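Reader: Got a minute to go through this one with me? I'd like to start with the strands and then jump around a bit.

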Amino acid sequence: MKKIQILGTGCPKCKKLLETTLKVVKDGNIDAEVTKVEDINEIMKFNIMTTPALVIDGVVKMSGRIPKPDELKTMLQ
Amino acid sequence: MTFLKKPLPMRIAIISPLLVAWVLIYSVLKRLSEYLTYNIFHLTPGTHLGDAVAFFFYDTPKVLMLLTLIVFGIGVLRSFFTPEKTRTILAGKKTIVGNVFAALLGVVTPFCSCSAVPLFIGFVQAGVPLGVTFSFLISAPMVNEIALVLLFGLFGWKVAALYVGMGLSIALVSGIVIGKLRMEKHVEGWVYDMRMNGSEIAGQKLTWVDRIDAGWQAVKDIVVKVLPYIVAGILVGAAIHGWVPAGHMAKIMGAHAWWSVPLAVIIGIPMYSNAAGIIPIVEALLAKGAALGTVLSFMMSVIGLSLPEMVILRKVLKPKLIAVFIAVVGCGIMIVGFIFNLIL
């Protein structure tokens with residue numbers, strides 16, 4: 001099972017990324033646990049400077065933008 | 001036609017005719033709006049209603065077309081500048097040179113106020129001086145493409161250039177002042193203590209297709225979002241254009257009332273709006289005879305300093321540094337407002 005973390009302090013883009021990720025996971029029947037990280041101290045441990053960011057199994061895959069569903073799907077598989 | 005199936009030629013094949021159409025339409029826009037107003041709607045040139053309607057039909061498509069083109073261009077340009085790259089450029093720079101770079105990079109680096117805290121921490125930890133970091137944080141929200149396009153489209157290139165010049169100067173000088181004040185101890189201690197133990201972001205190499213798509217995405221995001229504000233701004237402008245005699249506000253917001261600039265700045269600080277939202281107000285104030293320096297000061301303090309941003313920054317800055325930040329930037333905006341009212 002993959003561990004997916006969405007990093008973001010609660011801006012509209014972060015919520016959008018969470019929604020998109022949940023949808024891609026559901027539609028693609030991907031075995032993953034999605035959590036949202038809102039605490040700034042936790043977020044900063046990932047060495048990013050822009051939110052939202054997508055972390056899969058502890059590795060930052062993308063930050064500062066919302067990927068297209070296709071792109072997200074490729075990242076998650 | 002097989003080459004068109006490849007993403008990049010296909011995008012070029014779509015964009016080129018659009019650009020040509022843009023230039024053609026833009027060049028006949030004035031005549032088109034007059035034809036529509038006076039020949040199709042049978043309004044009489046020189047009347048209040050005729051003038052107002054012609055202004056509306058000319059200005060709305062003009063501003064929208066400019067906005068679309070520039071937002072697209074900046075969207076593509078911004079894909080070359082990431083906050084990580086900006087940080088690398090700024091990390092080795094000393095005061096003044098660093099402040100100049102920071103203010104300029106603030107214009108082209110993608111920035112959203114919700115990222116202000118991670119960005120601040122990232123900069124400070126990489127060894128970017130505090131004053132240089134502030135130059136960036138002041139210029140990034142204040143000097144942006146939306147403000148530029150709207151001011152250019154509605155008030156001409158002189159006002160747009162003044163705004164950008166003012167914004168960059170304030171970011172530059174405020175950053176230098178904050179740097180000289182040695183406020184490092186007023187940053188929350190944990191910012192320095194924190195160890196970066198995460199991994200670098202892998203596999204974010206962008207192609208030209210990604211860059212063009214990023215520009216297109218910016219157009220979709222921004223133009224749709226600011227559209228109602230622009231139409232509202234132009235409606236106000238059109239109404240004033242047709243009916244309201246200029247000069248009545250001159251006594252209150254004019255260049256001769258010395259207290260108008262500080263008042264505009266103080267009212268503007270707690271308010272928050274993006275550049276698009278403030279434009280209808282700017283349009284109305286200017287048309288009623290308010291002085292340009294006063295109005296631009298108001299616009300800058302609304303966009304550049306805001307209560308929500310201070311609440312976010314409180315996580316990393318102690319109250320004293322926040323107070324200094326507001327005071328220095330607020331004074332900078334006032335001084336520039338006074339200077340413009342004096343020389344214009």
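**Strands first, then the helical chain**

Author: Sure. In this predicted model, A:Leu7 stands opposite A:Val37 in β2(A).

Reader: OK, and which residue stands opposite A:Ile4?

Author: That's A:Val34, also in β2(A).

Reader: So how many bridges join β1 to β2 in chain A, and do they run parallel or antiparallel?

Author: Six bridges, and the two strands run parallel. β1 of chain A covers residues 2-7, and β2 of chain A covers residues 32-37.

Reader: What does the helix α1 of chain A make with those two strands?

Author: A right-handed β-α-β unit: β1(A), then α1 of chain A at residues 12-27, then β2(A).

Reader: Zooming out, what's the strand order in the chain A sheet?

Author: The order is β2-β1-β3-β4 in chain A, four strands in an open sheet with mixed pairing. β2 and β4 (59-63) of chain A are at the edges with a single partner strand each, so each has one side without a neighbour in the sheet.

Reader: And how much twist from one strand to the next?

Author: It averages 20°.

Reader: Switching to chain B. How many helices and strands there?

Author: Chain B has 16 helices and zero strands.

Reader: What share of chain B is buried?

Author: Buried residues are 41% of the 344 residues in chain B.

Reader: Last one: among chain B contacts with a separation of 6 or more, what share comes from residues 24 or more positions apart?

Author: Those account for 86% of the chain B contacts in that set.

Definitions and conventions:
Residues are numbered from 1 along each chain as its sequence is written. Chains are lettered from A and ligands numbered from 1 in the order in which they are written. This is a predicted model: local features need pLDDT of at least 70, side-chain atom pairs count only at pLDDT 80 or more; totals for chains, interfaces and linings use all residues. Two strands pair if DSSP finds at least two bridges between them. A crossover is right-handed if, with the strands pointing away from the viewer, the path from the first strand over the helix to the second runs clockwise. Axes are lines fitted to C-alpha atoms, for helices over the stretch in contact, and angles run from 0 to 180 degrees between N-to-C directions. A residue is buried if 20 or more other C-beta atoms lie within 10 Å of its own, exposed if 12 or fewer, and partly exposed in between; C-beta atoms are placed from the backbone. Two residues are in contact if their C-beta atoms, placed from the backbone, lie within 7 Å.
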